[in-house]
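Here are some exercises to work through with the model open in your viewer. Try each one before reading its solution.

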Amino acid sequence: MTNNTPQWNNWPAGFIWGSATAAAQVEGAAREDGKQDSVWDAFAAVPGNVLNGDTPATAVDHYHRMPQDVALMKELGLDSYRFSTSWARVRPGGGALNPKGLDFYSRLVDELLEAGILPWLTLYHWDLPQGLEEKGGWTNRDTACRFVEYAQDVYSVLGDRVKNWTTFNEPFCSSLLGYGSGVHAPGRQEPRSAIAAVHHQHLAHGMAVTELRSLGAEQLGITLNLSNSIPKDPTDPVDQEAARLFDSLQNRIFLDPILRGAYPEDSLRDLEPFGLHDVILPGDMELIAAPIDFLGVNHYHDDMISGHPNSTGADGHGGGSGKATASCWIGAEHITFPSRGLPRTAMDWEVNPDGLRRLLVRLGEEYPTLPPLYVTENGAAYDDDVSADGSVPDPERTRYILDHIAAVGRAIESGADVRGYFVWSLLDNFEWSWGYSKRFGIVRVDYDTQARTIKDSGLTYGRLIAASRAAGSGTHPAPSVDAVV
């Protein structure tokens with residue numbers, strides 16, 4: 001393994017090392033103990049929506065194997081586990097509370113705490129109850145009110161043991177990809193609906209933060225998937241404009257309402273034909289801007305943008321099934337994504353670790369009220385092979401993780417207030433429209449037997465965590481990321 005990662009030896013005291021999953025991707029038990037369909041159950045049941053006709057019905061059976069999975073987390077030495085609760089399990093159909101659904105999460109939290117692992121809870125990772133989608137889903141303002149009820153239910157049972165509460169994971173995906181491009185559930189291709197979904201999810205976030213704060217929640221935040229917008233030719237006005245449009249739709253229409261209390265003026269202008277003004281009611285922006293205690297940053301790749309035709313790269317949102325989808329770049333459908341000739345993951349995403357450093361530093365420079373940051377997802381899919389001895393060598397993923405952790409270190413050196421890193425994902429799982437064809441896990445899952453095997457990337461990550469912890473106790477020098485390879 002090459003040793004080209006810059007050395008960085010000064011991880012902050014209390015830095016959190018974790019890993020993450022999502023309910024719909026790992027739990028399975030799709031109709032057990034009162035759970036009803038989420039939009040992803042319904043979406044996957046439609047032929048052509050998911051590669052190979054895969055569904056999340058069984059996933060990786062985390063619902064039944066949870067204690068075993070927590071034992072793996074402990075073996076890896078994780079400080080924290082980021083998971084989501086399923087709205088469709090807690091309030092099936094969007095209706096009454098299902099105590100059995102909440103009991104699973106209560107047992108999970110107890111198991112984590114017994115193992116010395118900090119629970120990091122996400123309330124919404126895209127699994128809207130199908131019953132609410134049939135009433136309009138996120139195009140219906142009332143769904144924001146139903147979300148607050150669901151958040152109250154989860155807090156009523158877990159609030160005594162869970163400190164860290166994330167409202168939404170990647171609203172970009174569940175709004176623009178779910179209602180605009182149709183590549184994600186519920187599979188609608190309606191630009192106005194997508195923009196309404198953006199605003200109503202913002203509103204649900206702000207209302208839930210306010211309510212959970214009043215109930216005593218300690219740490220409240222949201223996780224956004226963010227990218228750098230790099231014009232192919234910085235001197236070309238066409239590329240500059242394309243990069244502005246991408247930055248607006250990928251980043252600023254999510255960051256600015258939460259951190260500044262307003263949509264960017266250029267975004268309001270761009271999206272006026274798609275009804276953004278129509279869904280903003282008096283008082284909304286004040287609710288949306290309720291103060292948060294942390295911002296989760298999900299980042300897998302950054303993007304070079306052009307306003308000229310270019311077929312050398314793609315935006316990475318085409319999905320796995322091959323079905324026809326619309327553009328998620330509403331009002332900017334013409335923008336293109338030129339290749340930079342960088343290595344690519346199995347998802348065909350370019351690998352550029354310094355993009356993560358650049359993003360984390362930029363956030364602090366541009367948002368004066370920015371709360372502490374946590375990298376809540378970062379990882380890579382590659383095609384893994386099991387060796388004859390049963391081990392799973394995955395040098396590309398290992399290098400990807402170490403290089404991006406080093407980039408986080410450089411960002412901290414440059415002043416970014418980053419307090420944790422969560423690798424995606426703990427387990428191979430149901431990768432949305434790609435089904436089970438793409439493996440992100442640091443733990444391999446045999447989908448036939450459900451057997452788990454820690455990959456070399458997971459073993460390396462565990463050694464890094466142990467070395468960092470030893471350095472924090474003063475028993476060893478602080479580790480560089482390459483020292484554990």
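**Exercise 1.** Are Asp428 and Lys455 buried or exposed?

*Solution.* Bear in mind that this is a predicted model. Both Asp428 and Lys455 are buried. For Lys455 the relative accessible area is 0%, so this residue falls under the 20% cut-off for buried. Next, look at how the two side chains meet: Asp428 and Lys455 form a salt bridge, at 2.9 Å from N to O. The pair links distant parts of the chain, with Asp428 in the loop between β10 (418-424) and β11 (443-445) and Lys455 in the loop between β12 and α16, 27 residues apart.

**Exercise 2.** Find the salt bridge that Asp384 forms with Lys455, and work out which parts of the chain the pair ties together.

*Solution.* Start with the distance: the closest N and O atoms of Asp384 and Lys455 are 2.5 Å apart. Then place the residues. Asp384 lies in the loop between β9 and α15 (395-413), while Lys455 lies in the loop between β12 (452-454) and α16 (456-472), so the salt bridge ties together parts that are 71 residues apart in sequence. Finally, check the accessibility: Asp384 has a value of 10% and therefore counts as buried.

**Exercise 3.** Which elements flank the loops that hold Asp302 and Arg340?

*Solution.* First, the side chains of Asp302 and Arg340 meet in a salt bridge of 2.6 Å, N to O. Asp302 sits in the loop between β7 (294-298) and β8 (303-305), and Arg340 in the loop between β8 and α14 (354-366), so the pair ties together parts 38 residues apart in sequence. Now compare accessibility: Asp302 is buried at 3%, whereas Arg340 is partly exposed at 23%.

**Exercise 4.** Locate the residues that UniProt lists under "active site", and explain why they gather at one spot.

*Solution.* The unreviewed UniProt entry places this feature at Glu170 and Glu377. They span 208 residues in sequence, yet their C-alpha atoms are no more than 10.3 Å apart, so they gather at one spot. Both Glu170 and Glu377 belong to the lining of the largest cavity.

Take each residue in turn:

- Glu170 is in the loop between β4 (164-169) and α8 (171-181), and counts as buried at 6% relative accessibility. Its contacts beyond four places in sequence include Trp126, Asn298, Tyr300 and Glu377.
- Glu377 lies in strand β9 (residues 373-378), and counts as buried at 4% relative accessibility. Among its contacts beyond four places in sequence are Arg82, His125, Glu170, Asn298 and Tyr300.

Terms used:
Residues numbered from 1 in each chain as written. Predicted model: local features only at pLDDT ≥ 70, side-chain atom pairs only at ≥ 80, totals over all residues. Heavy atoms only, no water. UniProt positions renumbered as here; feature names shortened; annotations may be inferred. 1 Å grid on protein atoms, 1.4 Å probe; cavity = no way out; pocket = protein on both sides within 12 Å on 5 of 7 lines; lining within 4 Å. Helix = DSSP H or I, 4+ residues; strand = E, 2+ residues; numbered from the N terminus. Buried < 20%, exposed > 50% of the residue type's maximum accessible area, 1.4 Å probe, protein only. Contact = heavy atoms within 4.5 Å. Salt bridge = Lys/Arg side-chain N within 4 Å of Asp/Glu carboxyl O.
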